[in-house]
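Biologist: I am new to this structure, and I would like a close look at a single part, the nonpolar core, with its surroundings explained carefully.

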Amino acid sequence: MSHIVVIRPYKPGDEFNCRDLIKDGVLSSRNNAFMGNLLKEVTFQVMILSAAVMFIFFGMPLTVCLAVLPMVVFLTYFVTYIAFAAKSMEVDQEVSNIARTYMSNAFSCFWVAEAFEPGMMIRSPSSAHYTVMTDKQFQDSNIDVSSQRKKIVGTVGLLKSHSLDKGAWIKRLCVHQLYRRKGIASCLLNVAIDFAMKQGYSCANVVASEHTEGGRELCLKKGFELKQMYHKPIFGSLITVLMYEFTYQIKPGEDNYVTYPRKLNPLTSSKFRWKSN
């Protein structure tokens, strides 16, 4: 067994690899977010309105008015870039404090997916088959990995929620681009859910953006239900990102919400359920 991935708890020294991995994961959807914002109806409206105002009220030549089009495109990219840079800094600060944030009490935890590979990789990890296992399964298997190199290729964390009664948040679910579609994210999510069950949580929630389709599909396959949708502003109300909040009911029937801290209006009620085809 030359290619394996072990899901294990975080340990000191992992933060450097985790920081780079999660940062790359955040930035990987930047171009998709830019294209999504650029193709929104409001962006076209801003382009047309700006060109019309310059032409009608200021009498500028049509060629000059059309120059507003690339300006809006640049502004959209600039705002998207700044938003992702700010998000990257926020994530970097959180990951720098994993030990204190996730590992300082019994009700939260952080896990990494660590790949063990031959020292000389003949082919890309994207085309190789990996056996994914938990840390306990790995210890019981007695597999010799002394001659193999190791690399952190995935992460996930679970925190006690301050807004959900007996609820938890699953955060930082991320897998390296070359190691996706191998069951790593699924196993990471399983480990987090199993931990939430053992700790007596009533539910485990996760948030995904409109630009992370793979993550949303995985949540639905794992039995998560759509709790609500809301728009997260990037540049006022002109540029927003549609966010999906999913919930995994560990103890069905419990009213897990006690407060709702967001000032944003959800697009759907908590009774809405989104089912995949």
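Modeller: What follows describes the core, one of its residues and a polar contact beside it. This is a predicted model, in which local features need pLDDT of at least 70, side-chain atom pairs count only at pLDDT 80 or more, and totals for chains, interfaces and linings use all residues. Residues are numbered from 1 along each chain as its sequence is written, and side-chain values use heavy atoms, with hydrogens and water left out.

The largest nonpolar core has 39 residues, where such a core is a set of buried Ala, Val, Leu, Ile, Met, Phe, Trp, Tyr and Cys residues joined through side-chain atoms within 4.5 Å, and buried means under 20% relative accessible area, with a 1.4 Å probe and protein chains only. The residues with the most contacts inside this core are W111, L158, I170, F224 and F246. Helix α8, residues 184–198, gives the most to the core, with nine residues; helices here are DSSP runs (H or I, at least four residues) and strands likewise (E, at least two), numbered from the N terminus.

Leaving aside neighbours within four places in sequence, I170 is in contact (heavy atoms within 4.5 Å) with V156, G157, L158, L189, A192, I193, A204, N205, V206 and F224. N205 also takes part in a polar contact, since its side chain meets that of E245 at 2.9 Å; such a contact is a pair of N or O atoms within 3.5 Å, where within protein one must be able to donate a hydrogen and the other to accept it, and residues adjacent in sequence count only if both atoms are side-chain atoms. E245 is found in strand β8, residues 239–249, and counts as buried because its relative accessibility is 0%.

Definitions and conventions:
Buried means under 20% relative accessible area, exposed over 50%, partly exposed in between (1.4 Å probe, protein chains only).
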